[in-house]
Structure formats: structure tokens, C-alpha cells
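Work through the exercises below with the sequence and coordinates open. Try each task before reading its solution.

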Amino acid sequence: RQVQQLINDPDQLMSYGEQLLREGYAPEAGLAAMQRAASLKPDDARAVIGLTMAYRTQEKLDEARATITPFTENHPEDPRGFFFLAQVCNAQGDAEGEAKALDRVLELDPNAQAPLGIRFKIGSEEHDPAKEAELAKWAEERKSWMAYILASNVARKRGDVKPAVKWAEKAYALAPDVEDVLLHYTATLGEARDFQKLVSVIKPHVDSGKFSKRLNWNYAQVLQQTGLTEDAIRVLRSAATGDAPADFKAAVAQTIEAWSGELTGCGVPLEVHQAGFLQRPVLLVIDEE
């Protein structure tokens, strides 16, 4: 009934259909909503991709492929269509079709992280030097900073700091103003304990204010983990001033209290061993009890 009430409103149909499919309790109605939305907007990326995924979640793979394929033909420069086509091909067991679609995605966007991970079969614990070399070669050929980041992550997984930093620096050279590159480079420099580059390369970006608070937070965490707690606290305090989001300010306050050895909320200093346990007991007296 709700789908019928929205029958001529494609945007509402898409929102309602996506909700039903996401929550999973009325997939048939969700599919009906997406079908109607796609019929009203047959060339709309959100409608076509939403219908494709609705078919896929219900194992209607032929219908899914028949929906997304014309979109890739009509929009050959849109990597999204080819990525979802690759997912459908994978579900159908069509390895050749999947590889072809992923290659097209990466031709259009050589920094697409998920397609790169799938194309090179990079799992979350991948640490094979051969995979690292393959990614680095591809990154050099395609000028892909994301491929360099993935190569760096492979080296990090096996604890090999030198190549991890090398590939992170290659990514930074290609895209020094991309926040994901800076976040990764900061982490690798911290692991390498290269304080000089943390200060000379990363700190100016943090101080510029051009990036989100993620960079300030990441930089402070790296400083704290390398023993520069006072510097880390100064970075967080500076980041939490002005119009910083309220939840970020709250997280900063809690973190600073934890790092400075004070019991949250009351200012009682704690003697905490670096392993994390209290060296002395603390007695709190409330209302003289």
C-alpha cells in the first residue's frame, strides 16, 4: 500500500525501497519500489544501481545483469556501473566478465580502493611480497596513489617498515593533498619513528586547517603512541577549538584526560604504569562518606 501511495514519486520510492531492502523485512515490496522508480527514471544511476542490487540480494542474477548492462553501455565513462556489473558477474561465477568489468572501472578510476582490492585479491591480512610488488608496479604504470597505499599496507602487515614507508612516500608524491594519503603516510611514519618527517611533512598539513579533524586526530594518536604525549595533547586541544563538532570536542576531552593520567570527570591524578595498570590505589570520598 505504501508503494502504491508513492507510485509517481521516484525519489521517495527509491528511499523507501532502499530502506526496506536494507532492513530486510519486506524485500518483495522493496523490489517493487525499486522497479517502479527505475521505470520512472530509466537513466538515473541511483535507480538503476538500486534495482540491480535489489535483484542481486534476491538471487535474481539474470535480471540484475539485464538491468545494469544497458547502463554501462549508455554511460561508458561511469565507473559505478561497471563495478556493480562486476559484482553481478562474481555472483554468477563469470570470472572473465568480472575481470573485464573491474579492468574498466580501474581504467576510469585507478584509485578506486574496493575494485583494486578485488582485482588483485588483497585480503585484510595480505602480506605476500609478490602481491606488494605487483601492486607497486601497477601503481607506477597507472599513477595510482591508492595502489601504492595498498602495497604499503601489504608491507606493514608483515612488519616490513622500510618498503611500507617507501610506497607511502610514492603515494604522497602523487597526491599530497589527498586526505587518505596523508592519513596513511602519518601512520607509516609513526611506525618508522621518523619524527623529523612527521614534523616537517605532516605537521604543516595538520596546521593548515584544510583537512577534516580525522587528520588532527590521527596525527595526535601517532604522536602519543611514539611517546610524545604532551605534543599529542597540544594537537588535540588546538583541533577542538572554535567550531569543531561537539562529539569531536567530547572525544578530545576524554582522550586528553586519559593521556594526562587523570580520572575522567574529577581531576584526580592517577599513577599509571605504561602497561596500563594502576601503580597505586585511589580512594574517592563522596560527600564525606
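Three exercises on this predicted model follow.

**Exercise 1. Helix 2**

Task: Compare the expected span of helix 2 (residues 10-23) with the distance between its end C-alpha atoms, and list its buried residues.

Solution:
- Helix 2 has 14 residues, and at 1.5 Å a residue the expected span is 20 Å. The span is taken as 1.5 Å times one less than the number of residues.
- The end C-alpha atoms are 20 Å apart, so the two values agree.
- With buried meaning under 20% relative accessible area, the buried residues of helix 2 are Pro10, Leu13, Met14, Tyr16, Gly17 and Leu20.
- After helix 2 comes Gly24, with a positive phi near 80°.

**Exercise 2. The nonpolar cores**

Task: Find the residues with the most contacts inside the largest nonpolar core, and the helix that gives the most to this core.

Solution:
- The largest nonpolar core holds 63 residues, and Leu116 and Ile202 have the most contacts inside it.
- Helix 10 (residues 145-157) gives the most to this core, with 8 residues.
- Beyond its neighbours within four places in sequence, Leu116 contacts Leu106, Pro110, Asn111, Trp138, Ser144, Met146, Ala147 and Leu150.
- Another core, of 13 residues, lies apart from the largest one; Met14, Ala33, Ala37 and Ala47 are among its members.

**Exercise 3. A surface patch**

Task: Is Ile286 buried or exposed? Name the residues of the nonpolar surface patch that includes Ile286.

Solution:
- Ile286 is found in the segment after helix 16 (246-259).
- Its relative accessibility is 58%, so Ile286 counts as exposed; the cut-off is over 50%.
- Leu278, Val282, Leu284 and Ile286 make the patch, which covers about 350 Å².

Terms used: Residues are numbered from 1 along each chain as its sequence is written. This is a predicted model: local features need pLDDT of at least 70, side-chain atom pairs count only at pLDDT 80 or more; totals for chains, interfaces and linings use all residues. Side-chain values use heavy atoms; hydrogens and water are left out. A nonpolar core is a set of buried Ala, Val, Leu, Ile, Met, Phe, Trp, Tyr and Cys residues joined through side-chain atoms within 4.5 Å. Buried means under 20% relative accessible area, exposed over 50%, partly exposed in between (1.4 Å probe, protein chains only). Helices (H or I, at least four residues) and strands (E, at least two) are DSSP runs, numbered from the N terminus. Contact means heavy atoms within 4.5 Å. Patches are made of residues with over 30% relative accessible area and no salt bridge: like charges are joined within 9 Å, nonpolar side chains (Val, Leu, Ile, Met, Phe, Trp, Tyr) within 5 Å. Accessible areas come from the Shrake-Rupley method with a 1.4 Å probe; for residues, only the protein chains shown count as cover. A salt bridge is a side-chain nitrogen of Lys or Arg within 4 Å of a carboxyl oxygen of Asp or Glu.
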